[in-house]
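Good morning, and thank you for making time for this short presentation. I would ask you to keep the sequence and the structure in view while I speak.

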Amino acid sequence: MPSGIHEVEIDVPIENVWEFVSDMNHWAPLVPGYIEHDILNDRESTWKFKGDLGIIQKTVNLKIIITEWQKPTKVTFDLKGLSENFDGEGYFKAEALAESTTKITGNLSITAGGLMAKMINPVLKSFVPKTTKELTEAIAEEITKIEATN
């Protein structure tokens, strides 16, 4: 399964990191290629974004299901393609390194199924790590920016 993991350290207390990542409305718009999202309930949402898979640019609709809220350290989720045959999982993890320093780890794994799997999965091997890095860094930057204004 194509996957990516990325870590970032920020000068923000873990409680403030949790306050941000515990609300999907904060981080859904930071997904690279974001178009829109809808919150269905406190654990489920649908996300629409444009994925640039090199030779293919595709609008993708995913359902995100939060499988665990582990305050203040971890949000775990599954994802399911609504417009394409994609399945995956991921998490955001926060680890307090000091009173006001937190390490954020983003992890994402996605695999394509069906007829296009043989063509799409090799492309996902570079797309997923890049997307994981971009999303984790965007979340860290947004949290840092909010912290600076408070």
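**The sheet, its helices and the core**

I begin in the middle of the sheet, where β4 and strand β5, residues 74–81, pair in the antiparallel sense over eight bridges. Please bear in mind throughout that this is a predicted model. Two of the pairings between these strands may serve as landmarks. L62 has G81 in β5 as its bridge partner, and I64 is partnered by L79 in β5. A hairpin of three residues joins β4 to β5. P72 lies in the loop between these two strands, and the peptide bond from K71 to P72 is cis, with omega near -5°.

On its other pairing, β4 runs antiparallel to β3, and nine bridges join the two. Here E44 has I65 in β4 as its bridge partner. Moving on to β2, we find five bridges joining it to β3, again in the antiparallel sense. I39 is paired with S45 of β3, and a hairpin through four residues connects β2 to β3.

Let us now take the sheet as a whole. In what order do the strands lie? The sheet is open, with seven strands in the order β1-β7-β6-β5-β4-β3-β2, and the pairing is antiparallel. At the edges stand β1, residues 3–10, and β2, residues 34–39; each has a single partner strand, so one side of each is left without a neighbour in the sheet. From one strand to the next, the twist averages 20°.

Two helices pack on this sheet. Helix α1, residues 14–21, touches β1, β4, β5, β6 (86–98) and β7 (101–112), and its direction makes about 155° with that of β6. Helix α3 also packs on the sheet, where it touches β1, β3 (44–52), β6 and β7; the direction of α3 makes about 160° with that of β7.

How do α1 and α3 meet each other, and at what angle do they pack? The angle is about 115°, and their axes are 10 Å apart. The crossing of α1 past α3 is right-handed. From α1, the contact is made by N16, V17, F20 and V21; from α3, by I139, E142, I143, I146 and E147. By character, the residues of this contact of α1 with α3 divide into six nonpolar, one polar and two charged.

That brings me to the core. As a general background, nonpolar side chains tend to be buried together in soluble globular proteins. In this model, the largest nonpolar core has 36 residues, and those touching the most other members are I10, W27, F77, F86, L124, I139 and I143. Helix α3, residues 117–149, supplies the largest share of this core, with eight residues. I143 deserves a second look. Leaving aside neighbours within four places in sequence, I143 is in contact with I10, V12, V17, F20 and I104.

I should like to close with three individual residues, two of them lysines in strands and one a proline in a helix.

K58 lies in strand β4, residues 57–70. Is K58 buried, exposed or partly exposed? K58 has a relative accessibility of 33%, and therefore counts as partly exposed. Not counting residues up to four places away in sequence, K58 touches F49, K50, G51 and E84. Of these, E84 is 26 residues apart from K58 along the chain, and the two C-alpha atoms are separated by 9.8 Å.

K103, for its part, has its place in strand β7. Why does K103 count as buried? Its relative accessibility is 19%, and the cut-off for buried is under 20%. With neighbours within four places in sequence left aside, the contacts of K103 are E7, V8, E9, K93, A94, E95 and L97.

Finally, P122 lies in helix α3. Because its relative accessibility is 49%, P122 counts as partly exposed. P122 and A112 stand 10 residues apart in sequence, and their C-alpha atoms are 9.7 Å apart in space.

Thank you for your attention.

Methods. Residues are numbered from 1 along each chain as its sequence is written. This is a predicted model: local features need pLDDT of at least 70, side-chain atom pairs count only at pLDDT 80 or more; totals for chains, interfaces and linings use all residues. Side-chain values use heavy atoms; hydrogens and water are left out. A nonpolar core is a set of buried Ala, Val, Leu, Ile, Met, Phe, Trp, Tyr and Cys residues joined through side-chain atoms within 4.5 Å. Buried means under 20% relative accessible area, exposed over 50%, partly exposed in between (1.4 Å probe, protein chains only). Contact means heavy atoms within 4.5 Å. Two strands pair if DSSP finds at least two bridges between them. Axes are lines fitted to C-alpha atoms, for helices over the stretch in contact, and angles run from 0 to 180 degrees between N-to-C directions. A crossing is left-handed if the near helix is turned anticlockwise from the far one by less than a right angle, and right-handed if clockwise. Ala, Val, Leu, Ile, Met, Phe, Trp, Tyr, Cys and Pro count as nonpolar, Asp, Glu, Lys and Arg as charged, and the others, Gly among them, as polar.
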